[in-house]
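Hi everyone, thanks for making time. I'd like to walk you through a structure that's probably new to most of you, so have a look at it while I talk.

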Amino acid sequence: MPDLPQHKPVLAGTAYSSISGAGVRLEALPEGHLMHVLGAIEPTALAAELLKAGFAKTSIRKAGFRQWFVAGDEPLVPANLDALAAALAGKAFVMDQSHGRVRIGVSGRSSRALLSRGTAVDLDPSVFPDGHSAMTIVGHLSVQIVRTGKDSFELTVLRSFAESLWDDLTHMAASAEKDSV
């Protein structure tokens with residue numbers, strides 16, 4: 001039987017690792033774990049089950065009606081995923097998406113202005129507070145945007161589109177820098 005291919009990060013640890021300028025920092029976030037949870041379970045109950053299953057350092061992001069993404073920097077431990085699936089049985093389904101999605105951090109005083117060049121989501125803190133998320137389009141790509149701080153966001157994109165999103169973000173950042181001069 002041939003060896004299975006080894007996981008290779010798309011952005012993290014490559015030439016795409018991070019860039020800074022014009023009040024914006026783009027950063028390829030660790031390709032830890034990302035799970036998609038679907039079902040009739042409230043976020044507080046999901047958080048409790050995540051903690052019991054060994055997912056202490058994760059965040060829950062709304063991804064649609066009765067859908068959440070659960071993201072973290074640590075690699076997925078199969079036993080923890082099995083424990084979570086067992087705990088959620090009858091209430092929700094959980095699917096590992098770690099291999100299929102990549103997270104990109106966008107931060108800095110101009111991060112909101114940069115993202116507004118690519119999406120129609122109103123990112124004003126009064127409308128889009130910390131922890132809030134939205135499934136949207138950035139340019140031509142389907143992306144989940146999460147506010148992670150005052151001037152910081154996390155974008156989750158399908159793995160095969162990660163480099164394209166990165167290129168779009170760097171072009172938007174270069175354009176923003178040129179406009180501010």
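**A cavity and a sheet**

Okay, I'm starting with a detail. The residues lining the largest cavity split by class into four nonpolar, four polar and three charged. Before I go on, please keep in mind that this is a predicted model.

So what is this cavity? The structure holds one cavity of 30 Å³ or more, and the largest cavity has about 60 Å³ of space in it. If you want to find it on your screen, look for its lining: Leu29, Pro30, Glu31, Gly32, His33 and Leu34, then Gly72 and Ser98, and then Arg101, Val102 and Arg103.

Which strands supply at least two residues each to that lining? They're strand E3, residues 33-39, and strand E7, residues 101-107. E7 gives the largest share, with three residues.

Let me zoom out for a second. The chain is 181 residues, and 43% of them are buried. There are four helices and ten strands. Going along the sequence, you read β-β-β-α-β-β-α-β-β-α-β-β-β-α. And if you take contacts between residues at least 6 apart in sequence, 63% of them join residues at least 24 apart.

Now, back to E3, which also belongs to a sheet. Four strands make up this open sheet, in the order E4-E5-E3-E6, with antiparallel pairing. Why do E4 and E6 each have one side without a neighbour in the sheet? Strand E4, 59-64, and strand E6, 92-96, stand at the edges, and each has a single partner strand, so one side of each is left free of a neighbour there. On average, and ignoring direction, neighbouring strands in this sheet are turned by 25° against each other.

Let's look at one pair in that sheet, E3 and E6. These two run antiparallel, and five bridges join them. For a landmark, find His36 and you'll see Met95 of E6 standing opposite.

There's a helix here too. Helix H2, residues 78-88, packs on the sheet and touches both E3 and E6. The direction of H2 makes about 160° with that of E6.

If you take one element away from today, make it E3: this strand supplies at least two residues of the cavity lining, sits between E5 and E6 in the sheet order, and is touched by H2. That's it from me, thanks for listening.

Definitions and conventions. Residues are numbered from 1 along each chain as its sequence is written. This is a predicted model: local features need pLDDT of at least 70, side-chain atom pairs count only at pLDDT 80 or more; totals for chains, interfaces and linings use all residues. Side-chain values use heavy atoms; hydrogens and water are left out. On a 1 Å grid over the protein atoms alone, a cavity is a set of points where a 1.4 Å probe fits but cannot get out, and a pocket is an open set with protein on both sides within 12 Å along at least five of seven lines; lining residues have an atom within 4 Å of a point. Grid points are joined across faces, edges and corners, and a volume is the space filled by probe spheres set on the points. Ala, Val, Leu, Ile, Met, Phe, Trp, Tyr, Cys and Pro count as nonpolar, Asp, Glu, Lys and Arg as charged, and the others, Gly among them, as polar. Two strands pair if DSSP finds at least two bridges between them. Axes are lines fitted to C-alpha atoms, for helices over the stretch in contact, and angles run from 0 to 180 degrees between N-to-C directions. Contact means heavy atoms within 4.5 Å. Buried means under 20% relative accessible area, exposed over 50%, partly exposed in between (1.4 Å probe, protein chains only).
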